[in-house]
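Student: I have a model open and I'd like to go through its labels with you. Can we take them one by one?

Tutor: Sure, let's look at it together.

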Amino acid sequence: MKKSIKIRLVKNFMLIIIITVVILEIVLINGVKDYYYKNIEDILTNQIEFSIDYYLRYFSSDTLEDTVVDDVDAFWQHTTAQVQILNFDGELLMDSLGVTNDNSNLYPDIKNAVNGQKGVWVGNVNYYNSPVMSVSIPIKDRDKIIGLIRFITSLKGTNDMIKSISFLLLGMGLIVIFISGIVSIFLADSIVRPLKEVTEIAEKMADGQLKVRSNIQLQDEIGKLSDTLNYMAEELIKKEQIKNDFISSISHELRTPLTSIKGWAITLKSEDFGGNEIVLDGLEIIEKESDRLSNMVEDLLDFSRFVSGRIKLENDEFQIKDTIGMIGKQLTPRAINNRIEFIINIDQGLGYMLGDENRIKQVLINLLDNAFKFTSEDGKVILNAYKEDDNLVLEVKDTGIGISEEDLPKIKEKFYKGKNSKSHSGIGLSICDEIVKLHNGIMEITSNINEGTKVTIKLPLREAFK
C-alpha cells in the first residue's frame, strides 16, 4: 500500500510539534515547581532569620535550653510552620508539634546547619501525609554556633497548586498540538497539491496527451519540475512531428516505385519464358511482396493522417448489417483455406448507423485479419454485432494464442509489437483505435494466453461525428 506524501509530512510535522511541546511542558512544569518551592524556602528562611534576630536581641543572656523551657513562644510566634529547636550537635530540644526524633542528625538540612550553613530538605516524614520542606539555620552568637532552628511546612497546598497549573499547561499543550495539527495539514497540502498537479500532468503526457501543460507558477523545485515537463512535452511534440513528416514523406515516395515494380511484375508474367518455373515463381513473389509493401505504405499513410489530424470522416447513414455481411463474404474464403470456423452473428434489429462506412470496414477487416493470423487450424473466429442501449456493439473473438498480460496494456500503442506479434508495422490496432475514437466510440481488448482474444467496440448508432 502506497503511503501519501501528505500523510508522511503531517506525521513528521506532528512528531516535531509533539516533541517540542513535551519538552516545553517539562521545562515549564519544573519551572513552576521550582518557583513555588523557592518562594516557600524564602518565606521560611525569612521567618527563621526573624526568630533568630528576635532571640539574640532579647534572650541572648539566657542559654538556649533555658529559653526553650521558659520562653519557647519566642520561636514560633512569627510562623505557622512546625518549629524545631536543636542544640549545636543537632540534637532535638523542642518540637512545636511534640514530635520526638532520635535521628535528627540524619536529615541533610540539619547536617548543613551543624556545619554553619543553611540547609534545605524536601521529603516525607511519618507524621505528614504529604511531602514537607524543612529549612534549618544555625544560631550564631559571636560566630559561635549555639544551636539550630528548623522550620517544617507541608507542601500539600503547594503541590495541589502546582498540579492544577500543570494540568492547565497540559491542556494548553494539547490545544497547541491540535491547532498545530490542523495547520500542518494545510501546510502539507500546500506542498502536496502542486506535486499532485504535476503528477497528473505527467500521467497525461505519458498517456500521449502532449498538448496539456502545467500552469504551476512557483519559484522552487516544484516550479522547476513543472517547467521541465512543459519543455519536455514541447520537444516531444517537435520530434513527433518530425517523425510523422518523415513517415508521410517516405510513404509517398515509396508508392511510385512499388507501383512500378508490381506493374512490371504483372507485365513480365504475361511473357513466354518457355515454362521457366523459377522465373514465374519469382515474378509471383515480387507481385505479392509488392502488394504487402503497398499495404504497409497505406497503413503508414493512414497513421500519418490520423496523428496529424488531417483525417476526416465521410459520414453517412448506412445499414451496418449489410456492411458486416459484405465483410463476411470477403473473408469466408480465407477462413476456409485456413480451416478456421468463421461465425457471424448479427442482430436483425440493428437498423441504420451514422458514420464512415469505409472506415468501419477497415476496422473490422483489420481486427478479423489479426484473429485469422493468430488462430490455428480447427479454431474459431466469431464476429458478433448487436445493439446495447443506444450503442452498436461489435465483438471479434477468436480461440487463438492470446496476448500476454505484459503486452495487453500496450497493444494499442503506436508501433508497439508484442512478443508473439506477426504485425509488420505495429500500427494496425493503433489506427483502429483512432477510427473508433473519431466515431466517439471505445475499443476494449481482453485476452488470455492459449485461450483467445476478444475485441469489443462500442459505437453510438446515431450521432454527428467530427
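Student: Which residue in S5 is the bridge partner of Val 83?

Tutor: Phe 151 is the bridge partner of Val 83 in S5. Keep in mind that this is a predicted model.

Student: What makes S1 and S5 a strand pair?

Tutor: Pairing takes at least two bridges. Strand S1 (residues 82–86) and strand S5 (residues 144–154) have 5 bridges, in the antiparallel sense, so they count as a pair.

Student: And how do you know that S4 and S5 pair?

Tutor: Same kind of check. Strand S4 (residues 132–141) and S5 have 10 bridges, and the cut-off is at least two, so they pair too, in the antiparallel sense. Val 132, for instance, has Ser 154 as its bridge partner in S5. The hairpin of S4 and S5 has 2 residues between the strands, and Arg 142 there takes a positive phi near 55°.

Student: Why is the contact between Phe 342 and Phe 372 called edge-to-face?

Tutor: First, the rings have to pair: their centres are 5.4 Å apart, and the limit is within 6.5 Å. Then comes the angle: the planes are at 75°, and over 60 counts as edge-to-face, so the label fits. It's one of 4 aromatic pairs found in the whole structure.

Student: What does that pair tie together?

Tutor: Phe 342 lies in strand S7 (residues 341–346) and Phe 372 in helix H9, so the pair links parts that are 30 residues apart in sequence.

Student: Why are Phe 342 and Phe 372 both called buried?

Tutor: Buried means under 20% relative accessible area. Phe 342 has 17% and Phe 372 has 2%, so both qualify. Both are also among the residues with the most contacts inside the largest nonpolar core, which has 36 residues.

Student: Which element gives the most to this core?

Tutor: Helix H9 (357–373), with 7 residues. Strands S9 (380–388) and S10 (391–398) are among the other elements that give two or more. Ile 457 is another residue with the most contacts inside the core; Leu 367, Leu 394 and Val 436 are among the residues Ile 457 touches. A second, separate core has 22 residues, including Phe 59 and Val 83.

Student: How do you know that the charge of Arg 150 sits over the ring of Tyr 107?

Tutor: The charged end of Arg 150 is 4.4 Å from the ring centre. The distance limit is within 6 Å, so that part is met, and the ring of Tyr 107 is listed as having the charge over it.

Notes
Residues are numbered from 1 along each chain as its sequence is written. This is a predicted model: local features need pLDDT of at least 70, side-chain atom pairs count only at pLDDT 80 or more; totals for chains, interfaces and linings use all residues. Side-chain values use heavy atoms; hydrogens and water are left out. A nonpolar core is a set of buried Ala, Val, Leu, Ile, Met, Phe, Trp, Tyr and Cys residues joined through side-chain atoms within 4.5 Å. Buried means under 20% relative accessible area, exposed over 50%, partly exposed in between (1.4 Å probe, protein chains only). Helices (H or I, at least four residues) and strands (E, at least two) are DSSP runs, numbered from the N terminus. Contact means heavy atoms within 4.5 Å. Rings of Phe, Tyr and Trp (its six-membered ring) pair if their centres lie within 6.5 Å; planes under 30 degrees apart count as stacked, over 60 as edge-to-face and the rest as tilted. A charge sits over a ring if NZ of Lys or CZ of Arg is within 6 Å of the ring centre and within 35 degrees of the ring normal. Lists of a residue's contacts leave out its neighbours within four places in sequence.
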